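Colleague: Please take a close look at one buried charged side chain in this model. Then place that site within the rest of the chain.

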Amino acid sequence: MISKMPSYKLSEPLAQEISQVPGKTTSGLHKQHSCPENLSELDKIPPNNGGEVCSRQQGGSRLERARSIPTMSEISLANVTDTESEENSESKSPPNVKKPEGIVIPEDFLCPISLELMRDPVIVATGQTYERSYIQRWIDCGNTTCPKTQQKLQHLTLTPNYVLRSLISQWCIEHNIEQPTGLTNGKIKKSDGSFRDVTGDIAAIEVLVRKLSSRSLEDRRAAVTEIRSLSKRSTDNRILIAEAGAIPVLVNLLTSEDVLTQDNAVTSILNLSIYENNKGLIMLAGAIPSIVQVLRAGTMEARENAAATLFSLSLADENKIIIGASGAIPALVELLQNGSPRGKKDAATALFNLCIYQGNKGRAIRAGIITALLKMLTDSSKSMVDEALTIMSVLASHQEAKVAIVKASTIPVLIDLLRTGLPRNKENAAAILLALCKRDTENLASLSRLGAAIPLTELSRSGTERAKRKATSLLEHLRKLQQV
């Protein structure tokens, strides 16, 4: 794992932690099949007081994040919450590649229109995935149906398939397929093999980047606002902005005393992190401490975007460790407890991803995450029950977490969810209870006293396939306990 890392300057304890990361990675997320729920709220976002330009960009930034960062409702736990499975995570690099002779590309990695390996896969309203440039061209020609299914598209939003892009990248790495950079001699290669001249764009962006370091607050503010706007529009812009050297300067602006500048800087870094190659550049610029500082003390919008940035960067295994060691987890738990509804969801998503790494679970427990999760489970609005169970499922295999979960009197709450929860809630509650009760007769006896056998029996008959397995296993443990 260390050999795959960029040249980070690591402390000795951190280097020791990195050496413990399992080499095997699997996907902890599944494809998105629809637009994230908060897209409908874009028109409700209040204008920013920093000026007309920034006001116009506010909703756009949210749109960029909504299209690019999976929400908790899009996270699949099948591979990460079973206590017998190993830790897993996302893969790392972008799939802008050519196929060498003799290698068969998996069918799911090919665009249904071009039949070429996808560089920027996006999902349409029917759930089908296409290369962005080809499906955009299809839509631009006036078509309103899905090319593959012929179904009418209920909307024309293109949602980046972030997970598939990572899987394609992982496949390219495993097969030693070269992944060329997007920019060559002032031209960017498009997915159809042609090149687009971007020398004019480069010149304009370089002017903006120079203004980021201007002595004039107004110039810096205007430049970072424009960078934020450009970085949300396209992958090409993210490549060009990074190539122009904007990332280190934006990181410096994270500590700006001007609130508007700080907000736009962290949002720009979030947008830039969507492009895989930029993740390493952001880490090399030493951005994490400053992002964590924004997470602790920024405006609520800045804290939300800082949490989303940490999630985006944490998709690489080695970054999970660096972020976990930076003090980010207590700050994320604080946002989970006291943030805005959007902030809580961003914090939950980041914490889920960070806690896939075993070494971060203890940090989350010591930061008080179990108290926060129990509050979410018992909140009358039930708005974040799914997120709470998702995170608790990941933590439940950790011994320190087991003790904290039981001490917080969570078992009765989980049993109640077996009776009244949604199917996925019941599934996750059963998975957590099984993790708590394995090789622990005291917890098993508590389960028996609280009458869990009845809802478990019902779940073993009518739950999801995974819920049936968990419930059946728990019932078997209860039967053995009674025979002792």
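Modeller: Start with Lys279. Lys279 is buried, yet has no salt bridge. The nearest side chain of opposite charge belongs to Glu276, 4.1 Å away. A salt bridge needs a side-chain nitrogen of Lys or Arg within 4 Å of a carboxyl oxygen, so the Glu276 distance of 4.1 Å does not qualify. Keep in mind that this is a predicted model.

What does the side chain of Lys279 reach instead? It reaches the backbone oxygen of Ser273, at 2.6 Å. Lys279 itself sits in helix α10, residues 276-284. Leaving aside residues up to four places away in sequence, Lys279 touches Tyr162, Ser273, Ile274, Ser312, Leu313 and Leu315. Ser273 therefore appears twice, as a contact of Lys279 and as the owner of that backbone oxygen.

Now the wider chain. The secondary structure comes to 24 helices and six strands. Of the 484 residues, 56% are buried. Take contacts between residues at least 6 apart in sequence: 69% of them join residues at least 24 apart. The accessible surface is about 21,000 Å². Carbon and sulfur atoms own 50% of that surface.

Next, helix α13, residues 317-324. This helix is mostly covered, with eight of its eight residues buried. Charged residues are on that list: Asp317, Glu318 and Lys320 are among the buried ones. So are Asn319 and Gly324. Ile321, Ile322 and Ile323 are buried too.

Then the aromatic rings. The structure holds one aromatic pair. The rings are those of Phe109 and Trp171, with centres 6.0 Å apart and planes at 80°, so the pair is edge-to-face. Phe109 lies in the loop between α2 (52-68) and β1 (121-123), while Trp171 lies in helix α4 (residues 162-174). The pair therefore ties together parts that are 62 residues apart in sequence. Both partners, Phe109 and Trp171, are buried.

Further along comes Leu456, in helix α23 (residues 453-462). Its relative accessibility is 0%, so Leu456 counts as buried. Not counting residues up to four places away in sequence, Leu456 touches Leu418, Leu447, Ala471, Leu474, Leu475 and Leu478. Look at Leu475 in particular. Leu456 and Leu475 are 19 residues apart in sequence, and 7.0 Å apart in space from C-alpha to C-alpha.

Two loop residues are worth a check on the backbone. Lys382 has a phi near 55°, a positive value in a residue other than glycine. Lys382 lies in the loop between α17 (369-378) and α18 (385-395). At 47% relative accessibility, Lys382 counts as partly exposed. Arg439 also has a phi near 55°, again positive and again not in a glycine. Arg439 belongs to the loop between α21 (423-437) and α22 (441-449). Is Arg439 buried or exposed? At 79% relative accessibility, Arg439 counts as exposed.

Back to the site you asked about. Lys279 is buried without a salt bridge, and its side chain reaches the backbone oxygen of Ser273.

Terms used
Residues numbered from 1 in each chain as written. Predicted model: local features only at pLDDT ≥ 70, side-chain atom pairs only at ≥ 80, totals over all residues. Heavy atoms only, no water. Buried < 20%, exposed > 50% of the residue type's maximum accessible area, 1.4 Å probe, protein only. Helix = DSSP H or I, 4+ residues; strand = E, 2+ residues; numbered from the N terminus. Phe/Tyr/Trp six-rings, centres within 6.5 Å; stacked < 30°, edge-to-face > 60°. Polar contact = N/O pair within 3.5 Å; in protein donor to acceptor, adjacent residues only side chain to side chain. Contact = heavy atoms within 4.5 Å. Areas by Shrake-Rupley, 256 points an atom, 1.4 Å probe, with all protein chains shown as cover.
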